[in-house]
Amino acid sequence: MIILDLLPIVDAVAERGWIVVDNALSPMLVAGLCEALPTRWQPAGVGRAQQHQTNAQIRRDQIHWLEASAGGAVAEYLAMMEQLRQCANRELMLGLFDYEAHFARYQPGDFYGCHRDAFAGRSNRRLTTVCYLNEQWQPSDGGLLRLYDDDEQFLADIEPKSGRLVVFLSEQFPHEVLAAERQRFSIAGWFRVNGNQSGRLDPPR
């Protein structure tokens, strides 16, 4: 069952560019997504197309791309993101065309160094989502998402708690994942524009 309240999310994106939504996913959906976690993972890389490569000095997580054909909880999650895409386009006129997402697994000691998901004018990614699948996460477990503002000043530390959803403008918020002390699961996703569309908001004030 989709329980996401969409308007506060798009309002926050318009006003400040990011939002953290607790309990965005029901416990039942989280459990279903955990059951859908793969048994085989691939090392995550950096860069796209010909520049794509693995670099353990930058990131050490492993990933598995989501496919709607998987059905079940994965299809339900993607349907939720489709509702968010439509709402963002309706309210903010972002021109979001599609959505790509993958499961991410961080083993103890894994991290992802500071980066942006998109650079102005050089990517079709416009809006980033991160959803967490970790039950009973404790501060000592590490694995924080550290968010910075567009000037690369510290903004927030976000714990990867079960059912929590983070949404932010891809171009404007550098971020990193601090080293995890226990196995950590999430779904990272990006809403994209198509071709020559700009799909940009003015920087949040």
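**Reasoning from values to labels in a predicted model**

Q: What makes the pair R164 and D22 a salt bridge?
A: In this predicted model, the closest N and O atoms of R164 and D22 are 2.5 Å apart. The pair links distant parts of the chain, with R164 in the loop between strand 8 (154-158) and strand 9 and D22 in the loop between strand 1 (18-21) and helix 2, 142 residues apart. Since a salt bridge requires a side-chain nitrogen of Lys or Arg within 4 Å of a carboxyl oxygen of Asp or Glu, the 2.5 Å separation of R164 and D22 satisfies the rule.

Q: Is R164 buried or exposed, and how do you know that?
A: R164 has a relative accessible area of 11%. The label buried applies under 20%, so R164 is buried.

Q: What is D22 called on the scale of accessibility, and why?
A: The relative accessible area of D22 is 44%. This value lies between the 20% limit for buried and the 50% limit for exposed, so D22 is partly exposed.

Q: What makes E91 and R90 a salt bridge?
A: The closest N and O atoms of E91 and R90 are 3.6 Å apart. The cut-off is 4 Å, so the pair counts.

Q: How are E91 and R90 classed by relative accessibility, and why?
A: E91, at 41%, falls between 20% and 50% and is therefore partly exposed. R90, at 55%, is over 50% and is therefore exposed.

Q: What makes R182 and D141 a salt bridge, and how far apart are their closest N and O atoms?
A: The closest N and O atoms of R182 and D141 are 3.3 Å apart. R182 lies in the loop between strand 10 (175-177) and strand 11, and D141 in the loop between strand 6 and strand 7 (145-148), so the pair ties together parts that are 41 residues apart in sequence. The 3.3 Å separation is within 4 Å, so R182 and D141 form a salt bridge.

Q: How are R182 and D141 classed by accessibility, and why?
A: R182, at 28%, lies between the two limits and so counts as partly exposed. D141, at 11%, is under 20% and so is buried.

Q: Which residues do salt bridges that share partners join into one network?
A: The network consists of D98, E100, R125 and R192. By the 4 Å rule, the count of salt bridges comes to 13.

Q: How do you know that R105 has no salt bridge?
A: The nearest side chain of opposite charge, that of D110, is 6.6 Å away. A salt bridge needs 4 Å or less, so R105 has none, although R105 is buried. R105 lies in strand 4, and the side chain of R105 does make a polar contact with the side chain of Q62, at 2.3 Å. The residues that R105 touches include W41, D61, Q183 and F185.

Q: How many disulfides does the structure hold, and why does C34 form no bond with the closest cysteine sulfur?
A: The structure holds zero disulfides. The sulfur of C34 is 9.7 Å from the closest cysteine sulfur, in C131. A disulfide requires sulfur atoms within 2.5 Å, so this distance is too far for a bond.

Q: How are C34 and C114 classed by relative accessible area, and why?
A: C34 has 30% and C114 has 47%. Both values lie between 20% and 50%, so C34 and C114 are partly exposed.

Q: Why does L6 count as buried or exposed?
A: L6, in helix 1 (residues 6-15), has 14% relative accessibility. This is under 20%, so L6 counts as buried. L6 touches Q83, L84 and C87. The C-alpha atoms of L6 and M80 are separated by 9.6 Å, with their positions 74 residues apart along the chain.

Q: How do you know that the span of helix 3 is close to the expected span?
A: Helix 3 (residues 72-92) has 21 residues and reaches 30 Å from its first C-alpha to its last. The expected span is 1.5 Å times one less than the number of residues, and therefore comes to 30 Å, which the helix matches closely.

Q: Which elements cover the buried residues of helix 3?
A: The cover includes helix 1, helix 2 (27-35), strand 4 (96-106) and strand 11 (184-193). Among the buried residues of helix 3 are Y77, M80, L84 and C87.

Definitions and conventions
Residues numbered from 1 in each chain as written. Predicted model: local features only at pLDDT ≥ 70, side-chain atom pairs only at ≥ 80, totals over all residues. Heavy atoms only, no water. Helix = DSSP H or I, 4+ residues; strand = E, 2+ residues; numbered from the N terminus. Buried < 20%, exposed > 50% of the residue type's maximum accessible area, 1.4 Å probe, protein only. Contact = heavy atoms within 4.5 Å. Lys, Arg positive; Asp, Glu negative; His and termini not counted. Polar contact = N/O pair within 3.5 Å; in protein donor to acceptor, adjacent residues only side chain to side chain. Lists of a residue's contacts leave out its neighbours within four places in sequence.
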